[in-house]
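Trainee: Got a minute to go through this one with me? I'd like to talk it over helix by helix.

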There are 2 protein chains.
Amino acid sequence: MKTASQRKKDPELVRRTLLDCAMRLALEHGPAGITVQAVAEASGVTKGGLFHHFPSKQALVEGLFADLVEKLDADIDAAIAEDPWPRGSFTRAYVRATFDDLPQGQGNPAAALYVSALAEPTVLRMWADWFTTRLARHRATDDAPILEIVRMAADGAWLAHLMREDGAAVPDAAGLRERLIAMTLTD
Amino acid sequence: MKTASQRKKDPELVRRTLLDCAMRLALEHGPAGITVQAVAEASGVTKGGLFHHFPSKQALVEGLFADLVEKLDADIDAAIAEDPWPRGSFTRAYVRATFDDLPQGQGNPAAALYVSALAEPTVLRMWADWFTTRLARHRATDDAPILEIVRMAADGAWLAHLMREDGAAVPDAAGLRERLIAMTLTD
DNA sequence: TGAAACATACCTTTTGGTCGGTATGTTGTG
DNA sequence: CACAACATACCGACCAAAAGGTATGTTTCA
């Protein structure tokens, strides 16, 4: 059986390319930058090709969102698994997942998450649902008000990162990260 | 001289109505909801009328942003004036301005600020400029890392508020507010 | 009366989306 | 193994609607 990369047509790769380009466009030009034309063109595919993979633009945005959430989920779970201290483990993982993606040159999944969510009201509700679900799961270890503040500060961090049009990282992001993590341990 | 409210035609009021409706639409349907057609219609004015007040859509969004920033500036300055303690006074004012607008039924200026900024890249830069300017002005009193964290947490607060499609307030927003303000004083 | 404050009508481009066709695979059958 | 039969992946042209914007009226106030 040939691997996907050896075949001439590789729909899985095209799909991923479409999602990647959609994310790039969202980060570069805001939510309005996600147009089927632009995404298809950037992916080297025609509009018809795009609509073969995603039945509508909303499905595309939802697919992008699902993709990013999946990655975020994996990152968080991995970070929790490595954390020996139960209390605040989810909050620390959330902070780590947010900041680790931050300085990467062109791709900031956490920021793209919000940008895509703001593009479609449907996705905004999906985002809210993910949050409440995940919070409920870790209520036993991450219910303290201080931890909530830390998580909100992490959100504010990539928001600040969004405002820098040049890819310049937030000054002393690493120090900020450590400080936030430390706040989850002094409880 | 008649006051504005007594005259039949009141361009100043129309202008404000346009900006208010633009904000409402941005909060309800995201950045994409702010179209000249929708804004004009919601304001009881035709497109031509809107283009009389704002030469372009970008000018409208920039006007909305300027309006919100002006209000935010006033709120912050007022809060600082009432604050007897210099250290962290700006951060406390920022927290207060953010949270006081939060539970209001339909208008959340802080959230609208970001939503409008995301609509046009130009406005995003204006937003960043305002932030750096304001930060530079209060560097003497609000430069501590803890204060930065508090401000970022405030940003995260209205972000959480954005996700609740129903106007329901964030649970225990008041408690959160007090806790954040307390954090600026334990330095 | 003349300038400001609007309305009406129209234009261009872009938007998301459809539809028929074609090339490329995959699968079943002798 | 070969070859039909089918399914998948994609292209290209077209479409109706909505987008932002303009040009020319008509009304209202000072």
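Mentor: Sure, we'll take the chain contact, then some helices, then the database record.
Mentor: This is a predicted model, where local features need pLDDT of at least 70, side-chain atom pairs count only at pLDDT 80 or more, and totals for chains, interfaces and linings use all residues. Residues are numbered from 1 along each chain as its sequence is written, with chains lettered from A and ligands numbered from 1 in the order in which they are written.

Trainee: How many residues of chain B are in contact with chain A?
Mentor: 28 residues of chain B touch 28 of chain A, where contact means C-beta atoms, placed from the backbone, within 7 Å.

Trainee: Which element gives the largest share of chain B's side?
Mentor: α8(B), with 10 residues. Helices here are DSSP runs (H or I, at least four residues; strands are E, at least two), numbered from the N terminus.

Trainee: And what's that side like by class?
Mentor: 20 nonpolar, three polar and five charged residues. Ala, Val, Leu, Ile, Met, Phe, Trp, Tyr, Cys and Pro count as nonpolar, Asp, Glu, Lys and Arg as charged, and the others, Gly among them, as polar.

Trainee: What does α8(B) do with α5(B), angle-wise?
Mentor: Their axes come within 9 Å and cross at roughly 5°. Axes are lines fitted to C-alpha atoms, for helices over the stretch in contact, with angles from 0 to 180 degrees between N-to-C directions.

Trainee: Why call α5(B) and α8(B) roughly parallel?
Mentor: Angles under 35 degrees count as roughly parallel, so α5(B) and α8(B) are roughly parallel to each other. Residues making the contact include Y94(B) and F99(B) of α5(B) and W158(B) of α8(B).

Trainee: Switching to α6(B): how many of its residues are buried?
Mentor: 11 of its 11, buried meaning 20 or more other C-beta atoms within 10 Å of the residue's own, with C-beta atoms placed from the backbone.

Trainee: What covers the buried residues of α6(B)?
Mentor: The cover includes α6 of chain A, together with α1, α4, α5, α7 and α8 of chain B.

Trainee: How far does α1(B) reach?
Mentor: Its 19 residues reach 27 Å from first C-alpha to last, close to the 27 Å expected; the expected span is 1.5 Å times one less than the number of residues. G30(B) follows α1(B), with a positive phi near 80°.

Trainee: What feature does UniProt place at residues 12-72 of chain A?
Mentor: The unreviewed entry gives "domain: HTH tetR-type", though annotations may be inferred rather than shown by experiment. In the model, that span is 79% helix and 0% strand.

Notes. Two residues are in contact if their C-beta atoms, placed from the backbone, lie within 7 Å. Angles under 35 degrees count as roughly parallel, over 145 as roughly antiparallel, 65 to 115 as roughly perpendicular and the rest as oblique. A residue is buried if 20 or more other C-beta atoms lie within 10 Å of its own, exposed if 12 or fewer, and partly exposed in between; C-beta atoms are placed from the backbone.
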